[in-house]
Amino acid sequence: MRDRVLIFAGLSLFLALVTYPVWQGLAARSSTAGPVLPATAAGQKCVAPRDVMRVAHMEMLMSWRDLKVRENQRTYTAADGTVYTIDLTATCLTQCHGPKEKFCDSCHAYAGVPAVNCWSCHTSPPAAPNPGELR
Amino acid sequence: MKVTRKDFLRIAAGSVVAAGTGTLVHALSGSAPATAATVGESKQRWGMVIDLRQCRQQGECDQCIRACHQTHNVPEVPNPAHEVKWIWNEPFAKVFPFQQSEYTRQADGGTLPVLCNHCASPSCVRVCPTKATWKRGDGIVMMDYHRCIGCRYCMAACPYGSRSFNYVDPRPHLRQVNPEVPTRSAGVVEKCDFCTARLAKGELPACVEACPQGAMVFGDLNDESSPVRQLLAERYSVQRQPHLGCGPSIFYLV
Ligand code: SF4
Ligand code: SF4
């Protein structure tokens, strides 16, 4: 019983180490709540159903890119017949989703998917209308 | 079977003739796939005629350059070694080095606007390893910045120096950003795209629209009634170094 101090000291050190990530998370005030995306404005609908866009938006972006740049086809007809101008900044963001920080980044940061290399060339619409500002 | 020397010689001669005929037939029938890089055939071939007499009347003018560079977010990098340009003024002697004599030099004077020639057989397209640059069916030599790996083979291949490399991030060197056009990033090559986005909307290229003298005329070289063809039929024109075989689509009325 003379080792009691040592045993408890070791045990608490062990517990502290094992639970360290929890404390770190608490200190950083991280949460497991998913990103909150702005509600869709009335009468607005996405180019494809939400579930499809969640898993396949990157494929659609790639195909839009190839259609516009390589095939000079500048519009896209959705399944419901709506015709969209193929344009990341003007159509996807300015018309619907708003600045990339509020839309793209919120999910990408949450999912831990490193920043894709879109924004070194493409511009994001500013939160407040202010054309000419760099993003 | 015993092969005599005579038989051997006969067979050898026959083989040589057969092989030679095969090669000849192949060479005659199979035209080289020179147009392999051309995507989406169309009847047009966009081209431009620049009337240097009109241009000269305006004196030191850079309105086409400013319009182009503002439209396409072309940066103004202070270091001349890192310069990026789509259209710029170049001294006559540099543009037409073999059209100089000591008697004509005075008339040549000054500078003239130069840009990518959107060549008929573009050497830049032939060397690009990634097909980041290719020739569209309507004659426009296009760039896909997504694909460019920045190897700069195209810059070495272009005899006109029409291409610029982004040695530095261009964004800090933009005075104002046109939100309709993406910028480029460090590590890619860029050049004039004949305003493909404007053409798709039915507009003329920005430089053509900006010229106060109407010195730049844009149109379809394959259409005999187009304004470019009419000018070319009426007046004497020159291309930049046509002997190099690229077949420029930009013509200068001198
Ligand atoms: S001018 Fe140069 S960059 Fe333009 S098409 Fe011809 S070779 Fe290519
Ligand atoms: S720099 Fe880009 S466009 Fe030029 S040859 Fe290399 S990959 Fe092609």
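Start by selecting chain A: five helices and two strands should light up. Keep in mind as you go that this is a predicted model. Trace chain A from the N terminus and the elements come in the order α-α-α-β-β-α-α. Colour chain A by burial next, and 22% of its 135 residues turn out to be buried. The outside of the chain exposes about 9,800 Å², with 65% of that coming from carbon and sulfur atoms. If you draw the contacts in chain A with a separation of 6 or more, 47% of them are between residues 24 or more positions apart.

**Salt bridges in chain A**

Stay in chain A and pick A:Asp87 and A:Lys68. They form a salt bridge, with the closest N and O atoms 3.9 Å apart. This pair ties together distant parts of the chain, 19 residues apart: A:Asp87 sits in the loop between β2 (83–85) and α4 (88–97), and A:Lys68 belongs to helix α3 (residues 50–71). Which of the two is buried? A:Asp87 is, because its relative accessible area is 18%, under the 20% cut-off. A:Lys68, at 24% relative accessibility, counts as partly exposed.

Now move to A:Asp105 and A:Lys100, another salt bridge, where the closest N and O atoms are 3.2 Å apart. Here the lysine is the buried partner: A:Lys100 has a relative accessible area of 14%, while A:Asp105 is partly exposed at 27%.

**Across to chain B**

Bring chain B into view and select the contact between the chains. You should pick up 22 residues from chain B and 15 residues from chain A. Together the two chains bury about 1,700 Å², and carbon and sulfur atoms give 52% of it. To see where much of chain B's share comes from, highlight B:His146, B:Arg171 and B:Val177: these three supply 34% of the area that chain B buries against chain A, more than any other three residues.

How many salt bridges are there between chain B and chain A? The count is one. Select B:Asp144 and A:Arg70 to find a salt bridge whose closest N and O atoms are 3.0 Å apart. Over all chains, the whole structure has 15 salt bridges.

**Two helices of chain B**

Go to helix α1 (residues 5–29) of chain B, and show B:Arg10 and B:Asp7, which both lie in this helix, three residues apart, or about one turn. The two form a salt bridge, with 3.6 Å between the closest N and O atoms. B:Arg10 is exposed, with a relative accessible area of 53%, whereas B:Asp7 is partly exposed at 26%. Then add B:Arg198, B:Glu203 and B:Glu209, which are joined into one network by salt bridges that share partners.

Next, select helix α3 (residues 63–71) of chain B. Its buried residues are B:Cys64, B:Ile65, B:Ala67, B:Cys68, B:His69 and B:Thr71. Among the elements covering them are β3 (87–91), β4 (111–115), α9 (206–210) and β9 (216–220) of chain B. Following the helix is B:Asn73, which has a positive phi, near 55°.

**Last stop: ligand 2**

Finish by showing the surroundings of ligand 2, which has 13 residues around it. B:Cys128, B:Cys148, B:Cys151, B:Arg152 and B:Cys154 come nearest. Colour the shell by class and you get 10 nonpolar, two polar and one charged residues.

Terms used. Residues numbered from 1 in each chain as written. Chains lettered and ligands numbered in written order. Predicted model: local features only at pLDDT ≥ 70, side-chain atom pairs only at ≥ 80, totals over all residues. Heavy atoms only, no water. Near = heavy atom within 4 Å. Nonpolar A, V, L, I, M, F, W, Y, C, P; charged D, E, K, R; others polar. Buried < 20%, exposed > 50% of the residue type's maximum accessible area, 1.4 Å probe, protein only. Helix = DSSP H or I, 4+ residues; strand = E, 2+ residues; numbered from the N terminus. Contact = heavy atoms within 4.5 Å. Areas by Shrake-Rupley, 256 points an atom, 1.4 Å probe, with all protein chains shown as cover. Buried area = accessible area lost by both parts, 1.4 Å probe. Salt bridge = Lys/Arg side-chain N within 4 Å of Asp/Glu carboxyl O.
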